[in-house]
Amino acid sequence: DTDELLLVAQTVSADDLLIAGPAGPIGAAFAARFERVRPEPPPRLALPVVVVCGSATALSREQVRRLQAARTDVEVFLAPETSGELDTAMAVELAEQSASSIAVARTVVVIGGDTAAAVLGDRPRSVGGTVLEGLPWSRDEHGGGPVVVTKAGAFGDVDALVRLAALVDPPD
């Protein structure tokens, strides 16, 4: 459980070890290394919400399809369907297409590693924890800007994004 994971992370945090694995153990190790005993509670997610999906996986496409059926108030930028992997140029194109929407968003969801790199760039991020299992959230290095939730392309079940969207505060 979470407490056991944090205890193990605190035990090894002083050692010069490379920790590899899923987000849970890695997050606990970073929290222990930087003396944050518990991750920050997830922030409130709010509209406007922008989703940028560059993942080529069938799972991500189905997650986005279900999200769009459940929430018409979420703006989605989706890479064209491809039989292979998404190329980096398409991730950059998605980042450019979504930039003006992201500039006014309060919540941004980015799906796919290359897409996250293109959208977020190489600026430092302040990672607070996870919103839902396997879905880390962050803000800019100063703790400001929109809440950004990242998701690996092949991660989660088909309703993962619908559950995430259920956490978004209703409009005023």
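Contact here means heavy atoms within 4.5 Å, and that is the sense in which one element covers another below. The model is a predicted one, and this briefing visits an internal cavity, a helix with a buried face and a cis proline.

**The cavity**
- The count of cavities of 30 Å³ or more comes to one, and about 70 Å³ of space lies in the largest cavity.
- Its lining is made up of Leu45, Val49, Val51, Leu67, Val74, Thr107, Val109, Leu161, Leu164, Ala165 and Val168.
- Two or more lining residues come from each of β1 (49-53), β3 (107-111) and α6 (160-165).
- Helix α6 gives the largest share of that lining, with three residues.
- If you are thinking about chemistry, the lining has ten nonpolar residues, one polar residue and no charged ones.

**Helix α5 and its buried face**
- Helix α5 spans residues 113-120, and Thr115, Ala116, Val119 and Leu120 are buried in it.
- Looking down the axis of α5, these buried residues fall within an arc of 110°, so they line one face of the helix.
- The general background is that an α-helix has 3.6 residues a turn, so residues three or four places apart point the same way.
- The cover over the buried residues of α5 includes β1, α4 (88-104), β3, β4 (125-132) and β6 (147-151).

**Backbone details to look at**
- Glycine 121 follows α5 and has a positive phi, near 70°.
- The peptide bond from leucine 47 to proline 48 is cis, and its omega is near -5°.
- Proline 48 sits in the loop between α2 (23-33) and β1.

Note on methods. Residues numbered from 1 in each chain as written. Predicted model: local features only at pLDDT ≥ 70, side-chain atom pairs only at ≥ 80, totals over all residues. Heavy atoms only, no water. 1 Å grid on protein atoms, 1.4 Å probe; cavity = no way out; pocket = protein on both sides within 12 Å on 5 of 7 lines; lining within 4 Å. Points joined across faces, edges and corners; volume = space filled by probe spheres on them. Helix = DSSP H or I, 4+ residues; strand = E, 2+ residues; numbered from the N terminus. Nonpolar A, V, L, I, M, F, W, Y, C, P; charged D, E, K, R; others polar. Buried < 20%, exposed > 50% of the residue type's maximum accessible area, 1.4 Å probe, protein only. Arc of directions from axis to C-beta.
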